[in-house]
Amino acid sequence: PMSITVRELAQRTEASPIQVIKILMSNGVMANINQQIDFDTAAIVVSELGFEAVPESLVEEEKVETGEIPLWRRIILSEKPESLIPRPPVVTILGHVDHGKTTLLDAIRNTNVAEGEAGGITQHIGAYQVEHKGRLITFLDTPGHAAFTAMRARGAQGADIVILVVAANDGVMPQTREAIAHARAARVPIVVALNKIDRPDANPDFVKRQLAELDLVPDEWGGNTLVVPVSAKQRIGLEDLMEAILLTAEGIEIRANPKGKVIGTVVEAQVDKSRGPIATLLVQNGTLEVGDVIVAGTAYGKLRAMFDFRGRKIRAAGPSTPVQVMGLSEVPEVGELFTRYDSEREARAVVEQRKQEAAAKAARAPKATLEELFSRVQ
Ligand code: GTP
Ligand code: MG
């Protein structure tokens with residue numbers, strides 16, 4: 001049976017052994033620092049500390065120092081291998097504020113989202129699909145402003161590939177480093193788009209040296225990071241960037257079971273005055289259909305209507321598809337996972353229980369924000 005000592009559990013969660021023992025006591029378990037506790041008990045402690053416990057047997061295969069495999073990926077790993085079929089890669093664009101993420105995506109999509117943004121600053125995650133040489137690619141655009149750490153983390157968690165946009169005149173900046181940490185924590189390969197090479201003050205070699213210092217050694221220097229010089233504004237290097245994306249996608253497992261368990265991530269959510277709560281979901285496994293009942297955190301509901309990223313009505317959305325849905329009871333939290341349930345009654349019961357647990361937890365545990373956690377791991 002799986003077990004762990006109190007000491008080891010404290011070390012892995014960066015909590016003090018005293019803290020762990022106190023949580024155990026409050027749950028009716030008396031333990032000393034060398035005592036072995038079972039997985040279910042450890043899971044309670046871990047969740048009260050704000051983490052999620054994963055049995056080691058599930059993660060062993062891909063275990064690295066940097067983080068856990070996202071839950072949606074573990075769901076896919078638990079599907080029968082013969083049920084998995086290729087799906088579009090999900091490519092998340094990350095980088096420091098104003099380095100040109102939205103402009104780059106505009107150039108790839110032939111749109112003009114960047115100019116319409118308030119103050120030229122992206123404040124939410126945008127989800128789009130692009131067809132390139134007959135292959136569909138899902139893109140997530142994220143904000144670069146320092147305030148949006150959580151959105152960048154979630155964007156990386158949902159990705160198969162991260163495009164790290166670095167302005168060639170500005171170089172590696174704080175949120176560039178942060179983005180690299182998110183990609184590594186989510187175990188996602190990084191392709192660098194060295195943007196703004198049209199600028200007279202661009203210094204690509206300097207930026208490549210900075211990247212190499214962060215262990216992103218350009219392939220032309222014998223490393224294994226693809227660094228593609230581009231100008232989003234003048235549309236230079238886009239073809240090379242798409243090639244780099246597809247090349248990277250070939251090297252990794254990008255599959256899901258469209259008939260399997262429905263799971264995905266809330267990418268964006270808000271209240272619409274006339275339509276009620278609206279959420280953009282990224283389906284990651286299974287197929288989401290109109291009429292399905294889903295739960296996302298403490299929001300639930302039967303989906304009344306679904307729209308693709310262009311706003312066209314659709315009835316079903318398979319793996320890697322971003323979809324806008326109506327019919328939720330409340331606005332779900334961005335980054336929350338959603339899953340499908342068989343009935344509204346069951347979904348309501350799950351939500352009720354979550355609300356009670358959350359209230360009990362809020363009354364007990366001190367809260368650390370993701371920003372604080374991030375500054376701790378840096
Ligand atoms: P946030 O989402 O707020 O983090 O910014 P962003 O990374 O999406 O940057 P955005 O695309 O909004 O571009 C910021 C500014 O850089 C805009 O004024 C763009 O026109 C400019 N810009 C983007 N790409 C290029 C480029 O290749 N060359 C030059 N010269 N300017 C660029
Ligand atoms: Mg932007």
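Which residues is Asp-308 in contact with, leaving aside its neighbours within four places in sequence? In this predicted model, the residues in contact with Asp-308 beyond that sequence window are Ile-314 and Pro-322. Asp-308 is placed in the loop that runs between strand 16 (305–307) and strand 17 (313–314). With a relative accessibility of 15%, Asp-308 counts as buried, because the limit for that class is under 20%. A polar atom of the Asp-308 side chain lies 2.9 Å from the backbone nitrogen of Arg-310. Thr-321 is 13 residues away from Asp-308 along the chain, and the C-alpha atoms of the two are separated by 8.1 Å.

The nonpolar cores were also examined. The largest of them has 26 residues, and those with the most contacts inside it are Leu-104, Phe-139, Ile-163, Leu-241 and Ile-245. Two or more residues are given to this core by each of the following elements: strand 4 (90–95), helix 6 (101–109), strand 5 (126–132), strand 6 (135–141), strand 7 (161–167), strand 8 (190–195) and helix 11 (238–250). Helix 11 provides the largest share, seven residues.

Ile-163 is one of the residues with the most contacts inside the largest core. When residues up to four places away in sequence are not counted, Ile-163 touches Val-91, Thr-92, Ile-93, Leu-94, Leu-104, Val-191, Ala-193, Leu-241 and Ile-245. A second core, separate from the largest one, consists of 20 residues, among them Leu-94, Ile-180, Leu-194 and Leu-211. Leu-94 thus appears both in the second core and among the residues that Ile-163 touches.

Note on methods. Residues numbered from 1 in each chain as written. Chains lettered and ligands numbered in written order. Predicted model: local features only at pLDDT ≥ 70, side-chain atom pairs only at ≥ 80, totals over all residues. Heavy atoms only, no water. Helix = DSSP H or I, 4+ residues; strand = E, 2+ residues; numbered from the N terminus. Buried < 20%, exposed > 50% of the residue type's maximum accessible area, 1.4 Å probe, protein only. Contact = heavy atoms within 4.5 Å. Polar contact = N/O pair within 3.5 Å; in protein donor to acceptor, adjacent residues only side chain to side chain. Core = buried A, V, L, I, M, F, W, Y, C linked by side-chain atoms within 4.5 Å.
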